[in-house]
Structure formats: structure tokens, C-alpha cells
Amino acid sequence: MTPIRVLVADDHPVFRDGLCTLLRLYDEMRVIATASTGEEAVRLAVSERPDVVLMDLRMPGRGGVEATRRIHASAPEVNVVVLTMVDDDETIFSAIRAGARGYLHKESSADDVRRAVRAAANGDAIFGARIAHRLVEYFTAATPPTVPPLFPELTTGERAMLELMAAGLSNAEIARRLNLSPKTVRNRASAIVGKLRLRDRAEAIARARDAGLGQPH
């Protein structure tokens, strides 16, 4: 049987190395590469074309959701399984919309990870027990719970601007699109970074893309 070729993407060396050691115990799997950033995960997924990518979400630069979206667009035959500590509804649905075929919490057992890799390699979708329970609750509720707006700490205008930032528009382009002065755009960008408690504009853009903003409609 041809081994399942796996790419492991996680920025924590201890967890990444431990996961690779676990996967190498299984004769039907072969770790072909590892990545520590979203950009590296996309590059390796496109160049190496693994069967499965085990993807963390919180990594430097472009996070795992944006990396999953890019992999799905550039190499749709590569199946991404999210393996992360993050399990809030907003992130789960963002990852699924980005093209993830599975979603596991890092507290999952070794058997769960093995089953997920096998399922994804066969083109099936698989979710850990706690994630599956959340999805069932959401879709079977008589009245689905209202999903809170993204970044509720921002005003409507700031959220609109953040989406344009995530879409790659410059300050000048944003000013023209929203009919604002360049100074207002700069001030609003600073306010966004401050309210989200981030370091700079680049981090705000990465955070917005992880949440699904900036996608083509």
C-alpha cells in the first residue's frame, strides 16, 4: 500500500516533533515535510503535494485559516486537517469555509489523529468528538444561535475598513473606496490595531484573514 504522505504545520517545535514521531510509528503514513509558518505550509503543500496537511491555526505571519484557504485554492487535491487548541465557533466555521476537511483539538488521542489522517486521505471529512458535538448543536437547533459579529470591539466603519485592509487595499485605495481623507484612514487603522491589542497593521490583516475577512465574494 502506498503510504499516506503527510505535511505537519505547527510553530511549536516540541509538539511538531512529537507529532512527527507519532505518525512515523504507522507504516501507512510518511511525514514528507514540516512547516512552522502559514507561508511555509502553503509553499510546501503546493510544491510537495502531500495527501494530508495537519495544520495548526495560530502560527506566525499568515495563520492556519489563511494558509488552508490558499492551499485549497492552489492545490485542491491536498486535504487539510486542522489540529489546534482553538475551538471557538468563529474559528471552526472560518476553517471549514476555508476548505478544511477535518478539525481536531490538540487534546485528541493518537488514534483520533490516525483516523483523521486516514479519512482525509480518502477524501472524507472528519471532526473530533467535541467539535462534532458543537456542529450538531449548531445545525440541529430549532433557531440556530446568532453568530456574533466579527471583532465586536470595532465600530461598523472600522470593521468595513479592516475587511478592505484584509483584501489587500492600500490606505490610498481605502480612502477612495470609503470616501475618507488619508488622515482619517491612518487614524482609523491605528484605532483598529489598538482596539484589537495587536502590534501593527500587518498583524491586524493576518488576524482578519484568519477570521475569514478579505475573501473574494
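**A colleague's note on the fold and its spaces**

1. The lining of the largest pocket is made up of six nonpolar, two polar and eight charged residues. Keep in mind as you read that this is a predicted model. The pocket itself has a volume of about 330 Å³. Its lining counts 16 residues, and those closest to the centre are M59, G61, E203, A206 and R207. Try finding these five in the view above as a starting point.

2. Now for the sheet. In what order do the six strands stand? The order is 2-1-3-4-5-6, in an open sheet with parallel pairing. Strand 2 (29–35) and strand 6 (126–127) are at the edges, and each has a single partner strand, so one side of each has no neighbour in the sheet. As general background, strands of a sheet pair through backbone hydrogen bonds, either parallel or antiparallel.

3. Let us look at one pair within that sheet. Strand 1 and strand 3 run parallel and are joined by four bridges. If you would like a residue to click on, take L7, whose bridge partner in strand 3 is V53.

4. A helix lies across this part of the sheet. Helix 2 (residues 38–48) crosses strand 1, strand 2 and strand 3. With strand 2, helix 2 makes an angle of about 135°.

5. There is also an enclosed space to find. The structure has one cavity of 30 Å³ or more, and the volume of the largest cavity is about 30 Å³. Which residues line the largest cavity? They are V8, A9, D10, F15, L19, L54, M55, D56 and L83. Strand 1 (4–9), helix 1 (13–23) and strand 3 (52–55) are the elements that give two or more residues to this lining. By class, the lining of the largest cavity has seven nonpolar, no polar and two charged residues.

6. Finally, a pair of helices. Two packed helices are described by the angle between their axes and the distance between the axes. For helix 4 (residues 89–98) and helix 6 (residues 129–140), the angle is about 90° and the axes are 11 Å apart. Helix 4 is therefore roughly perpendicular to helix 6. On the helix 4 side, D89, I92, F93 and I96 take part, meeting I131, R134, L135, Y138 and F139 of helix 6. Seven nonpolar, no polar and two charged residues make up this contact of helix 4 with helix 6.

Notes. Residues numbered from 1 in each chain as written. Predicted model: local features only at pLDDT ≥ 70, side-chain atom pairs only at ≥ 80, totals over all residues. Heavy atoms only, no water. Axes fitted to C-alpha atoms, helices over the stretch in contact; angles between N-to-C directions. Parallel < 35°, antiparallel > 145°, perpendicular 65-115°, else oblique. Contact = heavy atoms within 4.5 Å. Nonpolar A, V, L, I, M, F, W, Y, C, P; charged D, E, K, R; others polar. 1 Å grid on protein atoms, 1.4 Å probe; cavity = no way out; pocket = protein on both sides within 12 Å on 5 of 7 lines; lining within 4 Å. Points joined across faces, edges and corners; volume = space filled by probe spheres on them. Pairing = 2+ DSSP bridges.
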